[in-house]
Amino acid sequence: FGPSISTTYARRGYSFAAFYDYTARSRWEPWGNLAEFDEDQKTFTKFGFSIAKSFFLPKFQRISVDFDYLDGQRLDRFSKYELGFFGAQRIHGIQSGRVRAERAMLAHLSYGFVFSQQFRIEAFYDHGLIDDELSGLSREPFQGVGIAGQTVGPYGTLLRLDIGKTVGRNAQDGFVANVVVLKLF
């Protein structure tokens, strides 16, 4: 059971959003490493906010800056924030499921060319400070750079390619590439 409340305000390239989620599990029994089990995690909360600004430049150019703060109480490995392509929280180059956070402060900078929804290509820089007590992370910096492109494909599909690489002190080996093909029926 998880009631939540959220709000968003967007005007003239500015965007403000905030959320609060409360979740109560119907069952919460010991699992895995019993030393990590906490009966109080039967309920948990997640909350945060984001602030963003997009600057629209001549010739279809756009620069975007945004900051996200994410926090929670009594989070376990299933409810922590997960950084990756499929989550709302993202640092380019981090594989989905590799980094989880009880608290995160994320900043993103992007520059690109955007021609409505038909075509876009963007470059990204992401920086995050991650807290996760179980993993021993305390304001641990993670940085990533990436490029992404999106276009309309054949038969009404949407094609997206996203490539990222972590940089800095916590750089992971290799890079992460995601190819997404969406088709609405």
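This note covers the overall build of a predicted model and the empty space found in it.

1. Overall build. The secondary structure consists of 11 strands and 0 helices. Read from the N terminus, the order of elements is therefore β-β-β-β-β-β-β-β-β-β-β under the DSSP assignment. Along the principal axes, the C-alpha atoms fill a box of roughly 55 × 35 × 35 Å.

2. Burial and contacts. Of the 185 residues in the protein, 36% are buried. Among contacts with a separation of 6 or more, 48% join residues 24 or more positions apart.

3. Surface. The exposed area of the protein is about 11500 Å². Carbon and sulfur atoms supply 60% of that area.

4. Largest pocket, position. The volume of the largest pocket is about 400 Å³. Its lining has 16 residues, and those nearest the pocket centre are Asp 66, His 92, Glu 122, Phe 124 and Arg 160. Two or more lining residues come from each of strand E4 (61-73), strand E7 (103-115), strand E8 (119-132) and strand E10 (157-167). E8 gives the most, with 4 residues.

5. Largest pocket, composition. The lining of the largest pocket holds 8 charged, 5 polar and 3 nonpolar residues. Anyone setting up this pocket for a calculation will find Asp 66, Glu 122 and Arg 160 among the residues nearest its centre.

6. Largest cavity. Searching the whole structure gives 2 cavities of 30 Å³ or more. The largest cavity has a volume of about 40 Å³. Its lining is made up of Phe 85, Arg 90, Ile 91, His 92, Gly 93, Ile 94, Asp 162, Ile 163, Gly 164, Val 176 and Asn 178. E10 and strand E11 (176-183) each supply at least two of these residues, and the largest share, 3 residues, comes from E10. By class, the lining of the largest cavity has 5 nonpolar, 4 polar and 2 charged residues.

7. Second largest cavity. This cavity holds about 30 Å³ of space. Gly 93, Gln 95, Arg 98, Thr 166, Gln 172, Asp 173, Gly 174, Phe 175 and Val 176 line the second largest cavity. These residues divide into 5 polar, 2 nonpolar and 2 charged.

8. Shared residues. Gly 93 and Val 176 appear in the lining of the largest cavity and also in that of the second largest cavity. His 92 lies in the lining of the largest cavity and is also one of the residues nearest the centre of the largest pocket. E10 contributes to the lining of the largest pocket as well as to that of the largest cavity.

Notes:
Residues numbered from 1 in each chain as written. Predicted model: local features only at pLDDT ≥ 70, side-chain atom pairs only at ≥ 80, totals over all residues. Heavy atoms only, no water. 1 Å grid on protein atoms, 1.4 Å probe; cavity = no way out; pocket = protein on both sides within 12 Å on 5 of 7 lines; lining within 4 Å. Points joined across faces, edges and corners; volume = space filled by probe spheres on them. Nonpolar A, V, L, I, M, F, W, Y, C, P; charged D, E, K, R; others polar. Buried < 20%, exposed > 50% of the residue type's maximum accessible area, 1.4 Å probe, protein only. Contact = heavy atoms within 4.5 Å. Areas by Shrake-Rupley, 256 points an atom, 1.4 Å probe, with all protein chains shown as cover.
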